Amino acid sequence: MTHDPAQGRSWQLITAALTATMGPGRDRARWTLFLCPVHEADGQHHNPSLGVRYDPQQGKTIVRCFAHCDDKDVLDKIGLRVRDMWDRLPERNPNQRGQRRPPSQAQQAQQARVSLVDKAIDYARLPIPSKPDFGEAVGPTENVCAYLYRRADGHEEGVVVRKKTPHEHGEKKSFSQARWSGTSWEPTGFAPIPYRLPEVIDGVQSGREIYVVEGEKDVQRAMDTGQIATCNAMGAGNWTEQHAKWLHGAGRVIVVADRDRPGYLHAAKVAETLHGHVGEVRVLQAAAGKDLSDHLDAGHGLDQLEMVPYLDRHYRQPRSGPQQQRQITRSR
Ligand SMILES: [Zn+2]
């Protein structure tokens with residue numbers, strides 16, 4: 001990969017994070033091409049479609065998924081933020097302020113969330129994710145287990161298959177998805193429903209606590225302790241409003257954040273989509289290790305999860321009205 005000193009801080013940061021998460025990029029004409037962390041992270045073979053290049057004029061690293069994934073989603077996946085595309089934040093020209101359209105309420109909420117996650121990440125000193133070096137594959141890919149996603153009526157909608165491939169330095173895991181067409185399994189994504197949806201619906205109706213964790217394995221672990229738990233398919237960064245709406249009306253939702261940058265960004269997104277739609281939102285994390293499985297393996301109970309600084313306090317408060325929200329924005 002190119003390491004041209006003329007390429008600024010944003011280039012170093014973004015290409016390092018992409019390399020760590022998705023593997024090295026390839027130089028092709030004006031772009032360095034990486035696998036897109038949003039739509040090409042399933043472990044299958046793809047022709048890399050995420051172009052990255054540095055624009056010295058703007059002091060900006062341009063990130064473009066040629067399949068049209070959103071920049072923000074791409075950066076979310078590698079633990080970075082939109083502002084990391086600039087070597088330094090663009091200067092505001094005070095003369096232009098009057099002409100600028102005021103940010104919409106959605107933009108304001110988005111900005112407030114990003115700033116909150118920044119504080120949480122800085123406080124926890126979470127490093128930029130790095131991908132362990134597994135070396136070359138030394139054997140065939142095998143399926144480890146399959147997680148069936150059911151619709152509200154209990155019928156199958158899709159499946160996530162967890163796989164492993166032996167490498168020189170350990171086993172590499174990957175995931176693939178398939179959708180039930182009614183007659184066969186198609187190798188494609190499926191409707192954005194939470195895992196264990198029928199149980200989630202029961203939990204909402206009966207007013208039980210619901211845990212939202214980062215992967216199916218942790219859902220299983222939480223369920224084994226007698227709790228109701230759920231997640232979205234394909235991990236951090238893929239939770240949407242459609243997933244959230246199934247939890248609306250729940251009494252208490254406990255979002256368990258994996259202890260890394262994508263985990264915090266993911267947890268904040270989950271909490272944001274539930275805030276004001278459920279009785280109480282908590283954002284907690286493992287007292288030992290990275291995720292809920294580590295926490296339970298260390299002998300801790302679910303009642304021993306720890307608060308995530310900033311995120312837990314913020315989302316635990318009742319959602320503020322537009323008036324209060326404006327004041328929060330101004331006082332930042
Ligand atoms: Zn993409």
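Two strands count as paired if DSSP finds at least two bridges between them. Helices (H or I, at least four residues) and strands (E, at least two) are DSSP runs, numbered from the N terminus. With these terms, β2 and β3 run antiparallel and are joined by three bridges.

The structure is a predicted model, in which local features need pLDDT of at least 70 and side-chain atom pairs count only at pLDDT 80 or more, while totals for chains, interfaces and linings use all residues. Residue numbers start from 1 along each chain as its sequence is written.

**Overview**

The chain has 10 helices and 13 strands. Of its 332 residues, 32% count as buried. A residue is buried if 20 or more other C-beta atoms lie within 10 Å of its own, exposed if 12 or fewer, and partly exposed in between, with C-beta atoms placed from the backbone. Two residues are in contact if their C-beta atoms, placed in that way, lie within 7 Å. Among contacts between residues at least 6 apart in sequence, 60% join residues at least 24 apart.

**The sheet β1 to β4**

Strands of a sheet pair through backbone hydrogen bonds, either parallel or antiparallel. Here four strands form an open sheet in the order β1-β2-β3-β4, with antiparallel pairing. The edges are held by β1 (26-28) and β4 (60-65); each has a single partner strand, so one side of each is left without a neighbour in the sheet. On average, neighbouring strands of this sheet are turned by 30° against each other, direction ignored. For such angles, axes are lines fitted to C-alpha atoms, for helices over the stretch in contact, and values run from 0 to 180 degrees between N-to-C directions.

β1 pairs with β2 (residues 31-34) in the antiparallel sense over three bridges. Two residues lie between these strands in their hairpin, where Ala 29 takes a positive phi near 50°. The table lists residues that face each other across strand pairs, including one pair from the second sheet.

| Residue | Opposite residue | Strand of the opposite residue |
|---|---|---|
| Asp 27 | Thr 32 | β2 |
| Arg 26 | Leu 33 | β2 |
| Leu 33 | Gly 51 | β3 |
| His 167 | Gly 170 | β7 |

Helix α1 (residues 9-22) lies across β2, β3 (50-55) and β4, and runs at about 35° to β4. In β2, Thr 32 and Phe 34 are on the covered face, whereas Trp 31 and Leu 33 are on the uncovered one.

**The sheet β5 to β8**

Another open sheet has four strands in the order β5-β6-β7-β8, and its pairing is antiparallel. Its edge strands, β5 (142-150) and β8 (185-186), each pair on one side only. Strand β6 (residues 156-167) and strand β7 (residues 170-180) run antiparallel and are joined by 10 bridges.

**Nonpolar cores**

A nonpolar core is a set of buried Ala, Val, Leu, Ile, Met, Phe, Trp, Tyr and Cys residues joined through C-beta atoms within 7 Å. The largest has 48 residues, and those with the most contacts inside it are Val 255, Val 256, Ala 267, Ala 271, Val 283 and Leu 311. Helix α7 (residues 261-274) gives the largest share of this core, seven residues. Leaving out residues up to four places away in sequence, Ala 267 touches Val 255, Ala 257, Val 283, Val 308 and Leu 311. Apart from this core lies another, of 17 residues, among them Ile 14, Val 38, Val 52 and Ile 78.
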